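Hi,

Here is the structure I promised to pass on. Have a look at it first, and then read my notes below.

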Amino acid sequence: MPRQSRRPLTFWAIAILILLAAWALRLHRLDIQDIWWDEARNIDVATRPLTHIANAPELDIHPPLYFYGLHAWAQATTTVAFTTRFFSVWFGILTVAFVYQLGRGLGRGLGRGKWGKTTAVLAMMMAAFAPYALAEAQETRMYTVSWAILAAGMLALWRALRHPATDLRQQVKGWGPFVLLIAMALLTHYATAIILAAWGLWLLAWALLGPDRWSRLKTGVVIGIAVLLLCLPVLPIALRQIPGYDNPNLILPDLWHYLSQLYRAFIMGETVPESGWQYGRWLWALLLGIGALLWMGKQARRRVVNQHWTLLLVWLLGGLAIFYLILVARSAFNPRYISFVLPPLWALSGWALAGWGRVWRPLPWLIAILLLALGIPSLRADLYDPTFFREDASGVVNYLEVQAGPDDIILVDQRYPLGLYLERWNNDFYGHPPDEPGDVAPAQYLFVDMTHDDDRRIDRRLTELAGDARKVFWVTWFESDMDPRGAVKALLNTGGERIDSQEFRGYRIQIWELSPPSRYQLAPEFTPLDISIGADITLVEGDWSGRTAPQLPLGRTLVTLRWQMHQPSARAIKVSVRLKDESGATVDQKDRLLINDLHHRSNAWTPGESALNVYSLHTPEIPGVYTLSVVVYDEETLEAIAVSEEGVSEVVIGTMTVGS
């Protein structure tokens with residue numbers, strides 16, 4: 001066989017080997033980690049009847065298409081962790097194959113010969129062994145599905161642009177796959193709209209600068225209408241989910257830190273050791289940058305603008321820019337939210353690496369191997385290092401099965417994923433664990449409600465669930481915001497003694513020993529306070545142990561205060577509640593952020609909003625009358641806010657009597 005004819009076979013053989021290696025890498029230890037929150041939520045929703053999926057309240061910000069696909073896949077499988085993650089693996093491998101095609105199309109415009117296949121295989125290598133791609137492919141989430149759909153959508157767009165249609169039938173044949181794929185992308189993850197917006201800007205420029213401007217503009221309008229019609233059934237759900245989605249508690253990164261976090265995650269992985277990152281980031285930037293310059297110099301001399309290249313660049317840079325503008329306005333950031341820019345990043349990386357071939361043909365391959373070797377510590381950490389594993393749900397459950405008995409109760413601050421592991425589990429907001437005989441402790445998801453003055457409120461709910469329990473096992477997730485005001489701990493401290501605390505990866509179990517029957521009260525009888533602090537804060541009313549009757553020593557004092565914000569504060573504020581003896585010495589104090597019922601800091605409250613906050617103090621050992629005071633101060637500067645009428649920063653709200 002002539003040498004020239006062997007080259008295509010060599011490239012295909014390399015591509016197939018890379019694809020098989022990517023497949024093996026993603027399947028390796030696929031089920032070694034426990035299912036975590038996002039995965040359990042997705043599995044729970046996907047395994048419901050099809051008619052219940054789209055309107056599931058758990059889909060706070062997700063369209064239903066991914067869950068329909070996972071539902072169909074889950075019907076044919078049994079092992080939860082492996083098979084549901086396999087769904088992501090499959091689309092991750094499909095993405096690698098599509099990146100090959102993106103690289104090939106990109107390379108074709110750079111010159112004749114083998115550059116198209118060289119760019120394609122190099123791009124494929126970047127996608128196949130990227131640590132971030134491995135991490136997402138081994139989780140039951142929709143990101144690899146979105147990557148594959150977007151990559152296929154770009155290939156369909158290239159095809160439509162390459163073969164202009166002259167009649168309606170050809171237009172449908174040319175643009176139809178593109179319309180279908182971008183509609184699928186929107187129905188898989190709303191954030192893909194960011195990428196589609198960047199594509200839309202490119203297409204607008206393509207239409208306005210083209211010779212047949214009005215025909216192209218008309219095509220763009222028809223595409224938009226067709227996509228809207230395909231997404232129309234989900235539009236009411238999207239309008240319910242998207243407008244109210246916000247996280248005002250998030251500390252927004254500036255542009256530099258935003259790009260730095262994404263660069264680290266997408267280039268070398270989120271688990272890359274600091275030592276490797278220090279020199280690896282410069283090698284990546286330097287080597288890819290020089291390779292890109294080598295290609296751009298050649299293109300400039302040829303005076304050729306590669307349409308595929310500009311589209312991929314707009315996809316990458318436009319997506320990053322639009323997402324940052326939305327981030328500033330909507331406060332929701334995680335690298336995975338904009339991971340939809342990864343296919344063009346991998347394709348353009350292959351293109352930049354191929355540029356080194358103009359210096360010496362083996363250089364692209366040697367540099368690619370070097371850069372991928374820098375990611376090996378991240379790959380190893382994802383697969384083998386428990387430090388970087390997700391939460392240890394099975395360890396928590398094993399501990400509870402040994403320590404908790406049928407006379408105890410397990411309360412968990414998250415609906416997922418422990419319900420997949422615990423036997424007597426109830427996942428409803430206000431339900432009860434199954435009443436089953438045996439030695440298994442009942443377990444209940446505990447929703448902390450401090451808003452309603454009825455049986456849903458946390459003190460009455462605790463009385464209902466734990467009133468007859470001998471021990472309470474309070475399980476909290478490390479990322480939970482279920483009880484940032486600490487109401488559960490404060491109430492349990494009034495009814496029993498905390499005897500143990502156990503730490504697991506991602507979880508904490510705190511154990512209280514009780515003397516049933518137990519009755520919990522958040523605020524038996526409020527007393528009006530009406531203290532104005534600064535211009536916008538009012539301490540409306542309060543209640544605390546020892547206010548109307550002596551409090552027993554050596555216990556805990558529960559202080560419940562109702563705050564009102566007339567206007568949101570400029571910055572978040574904290575409250576310090578202090579217990580002082582007759583000499584003015586501070587016996588104990590508790591400092592907490594002022595938080596409303598939506599768990600927002602004071603700078604995100606609505607005008608006139610009020611909310612309860614609780615503070616748990618150690619009761620003094622020595623009997624006597626103690627003073628309870630409050631200081632309100634700026635979280636960032638620690639500067640105290642003066643009481644409006646008195647001009648002092650610390651105000652006494654009452655006394656507490658401690659006696660036998």
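What follows is a run through what turned up, from the overall picture down to single residues.

First, a reminder that this is a predicted model, so please read everything below in that light.

**Overall picture**

The protein has 660 residues, of which 53% are buried. Its secondary structure comes to 21 helices and 14 strands. If you take a box along the principal axes, the C-alpha atoms fill roughly 100 × 60 × 50 Å. Looking at contacts between residues at least 6 apart in sequence, 73% of them join residues at least 24 apart. As for the surface, about 30,100 Å² is exposed, and carbon and sulfur atoms supply 59% of that area.

**Charges**

There are 58 positive and 61 negative charges, and the mean positions of the two sets sit 21 Å apart. Two patches are worth pulling up on your screen.

The positive one gathers Arg 108, Arg 159, Arg 162, Arg 169 and Lys 173 on the surface. Helices α8 (143–162) and α9 (168–188) each supply at least two of the residues in this patch. Arg 108 belongs to helix α5 (residues 80–108). With a relative accessibility of 52%, Arg 108 counts as exposed, because the cut-off for that label is over 50%.

The negative one is formed by Glu 401, Glu 423, Asp 435 and Glu 436. You will find Glu 436 in the loop between β2 (425–426) and β3 (443–445). Its relative accessible area is 39%, so Glu 436 is partly exposed.

**Salt bridges**

Side chains of opposite charge can pair when their charged atoms come close. How many salt bridges does the count come to? The total is 25, and three of the pairs are described here.

Start with Arg 415 and Glu 58, whose closest N and O atoms are 2.8 Å apart in a salt bridge. Arg 415 lies in the loop between β1 and β2, while Glu 58 lies in the loop between α3 (50–53) and α4 (65–75), so this pair ties together parts that are 357 residues apart in sequence. Are the two partners buried or exposed? Both Arg 415 and Glu 58 are buried.

Next, Arg 141 meets Glu 139 through their side chains, again as a salt bridge, at 2.8 Å from N to O. Arg 141 has a relative accessibility of 3% and counts as buried; Glu 139, at 10%, counts as buried too. This pair is part of a network: salt bridges with shared partners link Asp 38, Glu 136, Glu 139, Arg 141, Arg 336 and Arg 390.

Then there is Arg 48 with Asp 44, a side-chain salt bridge at 2.8 Å (N to O). Here Asp 44 is partly exposed, with a relative accessibility of 23%.

**Backbone details**

Two cis peptide bonds should be on your list. One runs from Tyr 416 to Pro 417, with omega near 0°. Pro 417 sits in the loop between β1 (409–412) and β2, and the loop between β1 and β2 also holds Arg 415 from the pair with Glu 58. The other cis bond goes from Pro 516 to Pro 517, also with omega near 0°. Pro 517 is in the loop between β6 (507–514) and β7 (527–533).

Which residues have a positive phi without being glycine? Arg 29 is one of them, with phi about 55°. Arg 29 is in the loop between α1 (3–27) and α2 (37–46), and at 27% relative accessibility it counts as partly exposed. His 599 is another, with phi near 70°. The place of His 599 is the loop between β11 (586–593) and β12 (609–618). At 14% relative accessibility, His 599 counts as buried, because it falls under the 20% cut-off.

If you want somewhere to begin, I would open the loop between β1 and β2, where you can look at Arg 415 and Pro 417 together. After that, go to the network that includes Arg 141 and Glu 139, and then to the two charged patches, the positive one with Arg 108 and the negative one with Glu 436.

Cheers

How values were computed
Residues numbered from 1 in each chain as written. Predicted model: local features only at pLDDT ≥ 70, side-chain atom pairs only at ≥ 80, totals over all residues. Heavy atoms only, no water. Patch = residues over 30% accessible without salt bridge, like charges linked within 9 Å, V, L, I, M, F, W, Y side chains within 5 Å. Areas by Shrake-Rupley, 256 points an atom, 1.4 Å probe, with all protein chains shown as cover. Salt bridge = Lys/Arg side-chain N within 4 Å of Asp/Glu carboxyl O. Lys, Arg positive; Asp, Glu negative; His and termini not counted. Charge placed at Lys NZ, Arg CZ, Asp CG, Glu CD. Helix = DSSP H or I, 4+ residues; strand = E, 2+ residues; numbered from the N terminus. Buried < 20%, exposed > 50% of the residue type's maximum accessible area, 1.4 Å probe, protein only. Contact = heavy atoms within 4.5 Å.
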